[in-house]
Amino acid sequence: MEEQKMSLIEHLSELRKRIIICLVALVIAFIFTFSYSEYIFKLLLFPLQFTPQISLKEGLVFVPDQKLHNTKLVFLGPAEAFWMNMKIALVSGFVLTIPIIFYQLWRFVSPGLYSHEKKYVMPFVLSATGLFLTGVAFCYLIVLPFAMGFLLNYKVGDFLMPMLSVGLYVDFLLKFLLAFGLVFELPILIVITTRMGLITPQTLKKYRRLAIVLAFVVAAIITPTPDAFNQTLMAVPMIILYELGIWVSILLNKKGKNNGGQK
C-alpha cells in the first residue's frame, strides 16, 4: 500500500512538473506575442475584409468584400482595446507553445508505453501540431470569411450598417479558431483510445454512419452560421479525419502485434 501511495505521489509530481514547464513556455510566448499583438490583430481582420471564391482558372482566390472592406471596429469601454490585445497575445502564445505542450504530454504518458511505442514521440508531436495548425488555418482562410460574409450581409440592405465591437469580434474569431484546431485533433484522439484498448478500429468502422451524423450535428453547433454550406465545410473534414484515425490505428495495431508488445 505504501509503495502504491509513493507511486501515486510520484505520478502527481511528474504531472505538476509537466504543467509548470508548459506554463513557463506559455508566459515566455505571451511576452513575445504581446509585443506584436497589434500586427496579429491586423491579420485577424482578414476574414472580415475578404471572401474566398473558387475560380476554374485560378482555383481558390480571395476577393475584397466591397461592403465590409473599409469597416472599422470600435471599442465601447476604456479597457476593451487593452484586453483585446491581451487575449490576442495569450491565444497566439498558446498556439506557439503547442509543440511544447504536446511534447510534455508525451513525456507524461511515455512511462506507460511499450518500448517500440516510445520512438513515436516526434511523429506524435509533429502530427498533433500539424493537425491543430491545419484546423486553425482552415477556419481562418475558409470558414470565417464565408461566415462573416454571410452574417454581416444577410438581409442587411441599405438600412443597416455593421458597427462591430473589437472585443466581441476578437472573442468570436479566437473561439472558433481554437475550436477548429481542437476538432482537427480527432485522429490523434482515435489513435490514443484504440491503443489504450478503450475502443477498436472494427467498432469505429461499425459505427461509421453514426459518426457521419454526429459530425454534422457537431458542425451545426460549432459553426457560427445556420446555413448548410458552412456546416458542410466543418462536417466533411471531420469525416475525413475520422477515416484517417481509423486507418492509422489499424496500421499501428498491426505494428504493435508484430513487435510483440515488449516494454
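Lys87 is partly exposed, with a relative accessible area of 34%. In this predicted model, Lys87 forms a salt bridge with Asp171, and the closest N and O atoms are 3.0 Å apart. Lys87 lies in helix α4 and Asp171 in helix α7, so the bridge ties together parts that are 84 residues apart in sequence. Asp171 is partly exposed too, at 32% relative accessible area. The chain around them has 263 residues, and buried residues make up 40% of these.

**Overall layout**

- The secondary structure comes to eleven helices and two strands.
- Along the sequence, the pattern reads α-α-α-β-β-α-α-α-α-α-α-α-α.

**Salt bridges**

- How many salt bridges does the structure hold? There are three salt bridges.
- One of them is the Lys87 and Asp171 bridge described above.
- Another joins the side chains of Arg18 and Glu14, at 2.6 Å from N to O.
- Arg18 and Glu14 both sit in helix α1. They are four residues apart, which is about one turn of the helix.
- An α-helix has 3.6 residues a turn, so residues three or four places apart point the same way.
- Is Arg18 buried or exposed? Arg18 counts as buried, because its relative accessibility is 7% and the cut-off for buried is under 20%.
- Its partner Glu14 is partly exposed, with a relative accessible area of 24%.
- Glu243 and Arg208 also meet through their side chains in a salt bridge, at 2.5 Å from N to O.
- Glu243 belongs to helix α11 (residues 228–258) and Arg208 to helix α10 (residues 208–222), so this pair ties together parts that are 35 residues apart in sequence.
- Glu243 counts as partly exposed at 29% relative accessibility. Arg208 is partly exposed, with a relative accessible area of 29%.

**Aromatic pairs**

- The structure holds eleven aromatic pairs.
- One of these is formed by Phe94 and Phe132. The pair is edge-to-face, with 75 degrees between the planes and 6.2 Å centre to centre.
- Where do the two rings come from? Phe94 is in helix α4 (residues 80–96), and Phe132 is in helix α6 (residues 121–153).
- The pair links distant parts of the chain, 38 residues apart.
- Phe94 is partly exposed, with a relative accessible area of 28%. Phe132 counts as buried, at 1% relative accessibility.
- Which residues form one aromatic cluster? Phe32, Tyr36 and Tyr39 do.

**A nonpolar patch on the surface**

- Leu12, Leu15, Ile19 and Leu23 form a nonpolar patch on the surface.
- Together these residues have about 340 Å² of accessible area.
- Ile19 has its place in helix α1 (residues 2–34).
- Why can Ile19 be part of a patch? Ile19 qualifies by accessibility because its relative accessible area is 42%, and patch residues need over 30%.
- That value makes Ile19 partly exposed.

**Helix α7**

- Helix α7 (residues 166–183) has 18 residues.
- At 1.5 Å a residue, helix α7 should span 26 Å. Its end C-alpha atoms are 26 Å apart, which agrees.
- Many names appear on the list of buried residues in α7. Among them are Val166, Gly167, Tyr169, Leu173, Phe176, Phe180 and Val183.
- Asp171 in this helix is partly exposed, and it is the partner of Lys87 in the salt bridge.

**Transmembrane regions in the record**

- An unreviewed UniProt entry lists residues 20–41, 82–103, 124–152, 172–198, 210–226 and 232–253 under "transmembrane region".
- Over residues 124–152, the model is 100% helix and 0% strand. The end C-alpha atoms of this span are 40 Å apart.
- Residues 172–198 are 81% helix and 0% strand. Here the end C-alpha atoms lie 35 Å apart.

**Pro201 and Val248**

- Pro201 is found in helix α9 (residues 201–206).
- Pro201 counts as buried, at 5% relative accessibility.
- How many residues separate Pro201 and Val248 in sequence? They are 47 residues apart in sequence.
- In space, Pro201 and Val248 are 9.4 Å apart, C-alpha to C-alpha.

Technical notes. Residues are numbered from 1 along each chain as its sequence is written. This is a predicted model: local features need pLDDT of at least 70, side-chain atom pairs count only at pLDDT 80 or more; totals for chains, interfaces and linings use all residues. Side-chain values use heavy atoms; hydrogens and water are left out. Rings of Phe, Tyr and Trp (its six-membered ring) pair if their centres lie within 6.5 Å; planes under 30 degrees apart count as stacked, over 60 as edge-to-face and the rest as tilted. Buried means under 20% relative accessible area, exposed over 50%, partly exposed in between (1.4 Å probe, protein chains only). UniProt positions are given in the numbering used here, feature names are shortened, and annotations may be inferred rather than shown by experiment. Patches are made of residues with over 30% relative accessible area and no salt bridge: like charges are joined within 9 Å, nonpolar side chains (Val, Leu, Ile, Met, Phe, Trp, Tyr) within 5 Å. Accessible areas come from the Shrake-Rupley method with a 1.4 Å probe; for residues, only the protein chains shown count as cover. A salt bridge is a side-chain nitrogen of Lys or Arg within 4 Å of a carboxyl oxygen of Asp or Glu. The expected span of a helix is 1.5 Å times one less than its number of residues.
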